[in-house]
Amino acid sequence: MELAYIPSPSSGVLYLGPVPLRGYAFCIIIGVFVAVWLGNKRWIARGGRAGTVADIAVWAVPFGLVGGRLYHVITDYQLYFSEGRDWVDAFKIWEGGLGIWGAIALGALGAWIGCRRRGIPLPAYADAIAPGIAIAQAIGRWGNWFNQELYGRETDLPWAVEITSSADGRMPGTYHPTFLYESLWCVGVALLVIWADRRFTLGHGRAFALYVAGYCAGRFWIEYMRVDEAHHILGLRLNNWTALLVFLLAVLYIVLSARKRPGREAVVEPGDGEGPAADAKKTDGDAAGKADASGGGATTDDTTDTDASEKTEKPENSGEPEGAGEPEESKDGAGSAKKG
């Protein structure tokens with residue numbers, strides 16, 4: 001008899017009238033908002049502007065969702081395209097199934113597009129949002145609890161998760177809550193990145209690479225515990241190999257980047273006098289200034305000539321000899337010629 005365990009919800013969907021409210025979707029949405037909020041605070045602390053993180057997230061989040069779903073569908077194609085399956089289910093993202101590897105890859109592409117439009121270096125942006133992404137993953141993993149999925153081997157530990165559903169080959173029982181393990185690990189990774197960023201002043205994408213390496217280290221042993229269906233290569237699940245490869249690439253990037261570009265970016269977001277838009281504005285202003293200078297020069301010459309003409313007029317009854325004004329006229333004339 002189990003003395004304690006984590007109960008699973010009987011259903012991952014609540015209905016507000018005819019509108020379904022899905023726990024999995026709520027976890028993803030809440031995670032995105034937290035990631036943007038924390039990323040915005042870190043971006044401002046680095047010298048960026050408020051709202052920039054959200055503006056770029058408009059590009060990154062949709063790309064990330066598409067990438068995560070693509071990775072899941074491609075690597076678990078048998079769930080959607082094998083005999084007896086309905087391929088339309090591949091589009092039902094609310095039922096679960098997002099691969100973090102695809103989400104990060106295509107999400108980075110979307111972020112690059114957003115950063116390029118703002119004249120912002122992508123590595124600086126990635127460093128700012130790295131802990132937020134880890135927290136978003138920690139929250140998003142609870143969506144698997146709502147769907148009663150991604151659990152590990154059977155166990156009678158007090159923190160085991162109870163699975164009551166028998167759909168899709170599930171066997172009711174108590175299992176290792178690998179979704180909980182990964183959630184807690186992601187929180188730890190977020191704290192590690194925040195600490196290391198402050199302690200070592202990480203820049204040029206190294207904070208993001210540390211998040212990637214830290215996450216992959218945890219994902220490797222957590223993935224090893226899972227019992228859901230997956231493709232295996234040389235005795236290891238596909239995601240184990242992916243985690244190992246990405247971990248090595250992240251560590252390599254940290255080492256090479258630290259040697260090539262030590263320190264942190266001095267400027268992370270162009271100001272009024274920097275960036276593509278500012279350069280265009282400056283070019284237009286220079287052209288206008290040249291035009292004004294050209295027109296202003298003609299006016300100055302006319303004014304100078306007029307002043308010289310007025311100075312050469314001899315006032316009546318001045319009492320001066322006729323030749324007294326000639327030196328002054330010669331002097332003004334020379335000055336006018338020099339100005340022209």
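Salt bridges and a buried helix

Mentor: In this predicted model, the count of salt bridges comes to 13.

Trainee: Why is the contact between Arg 219 and Glu 223 called a salt bridge?

Mentor: The closest N and O atoms of Arg 219 and Glu 223 are 2.8 Å apart. The cut-off is 4 Å, so the pair qualifies. Both residues lie in helix α8, four residues apart, about one turn of the helix.

Trainee: What makes Arg 219 and Glu 223 count as buried?

Mentor: Buried means under 20% relative accessible area. Arg 219 has 5% and Glu 223 has 1%, so both are buried.

Trainee: How do you know that helix α8 is largely enclosed by the rest of the structure?

Mentor: Of its 20 residues, 16 are buried, so that description of α8 follows.

Trainee: Why does the length of α8, residues 206–225, agree with what a helix should span?

Mentor: At 1.5 Å a residue, α8 should span 28 Å, and its end C-alpha atoms are 29 Å apart, which agrees.

Trainee: What makes Asp 228 and Arg 237 a salt bridge?

Mentor: Their closest N and O atoms are 3.3 Å apart, and that is within 4 Å, so the rule is met. Asp 228 is partly exposed at 25% relative accessibility, whereas Arg 237 is buried at 6%. Salt bridges with shared partners join both to Arg 141, Glu 182, Arg 219, Glu 223 and Arg 226 in one network.

Trainee: How do you know that strands β1 and β2 pair?

Mentor: Pairing needs at least two bridges. Four bridges join β1 to β2, so the strands pair, and they run antiparallel.

Note on methods. Residues are numbered from 1 along each chain as its sequence is written. This is a predicted model: local features need pLDDT of at least 70, side-chain atom pairs count only at pLDDT 80 or more; totals for chains, interfaces and linings use all residues. Side-chain values use heavy atoms; hydrogens and water are left out. Helices (H or I, at least four residues) and strands (E, at least two) are DSSP runs, numbered from the N terminus. The expected span of a helix is 1.5 Å times one less than its number of residues. Buried means under 20% relative accessible area, exposed over 50%, partly exposed in between (1.4 Å probe, protein chains only). A salt bridge is a side-chain nitrogen of Lys or Arg within 4 Å of a carboxyl oxygen of Asp or Glu.
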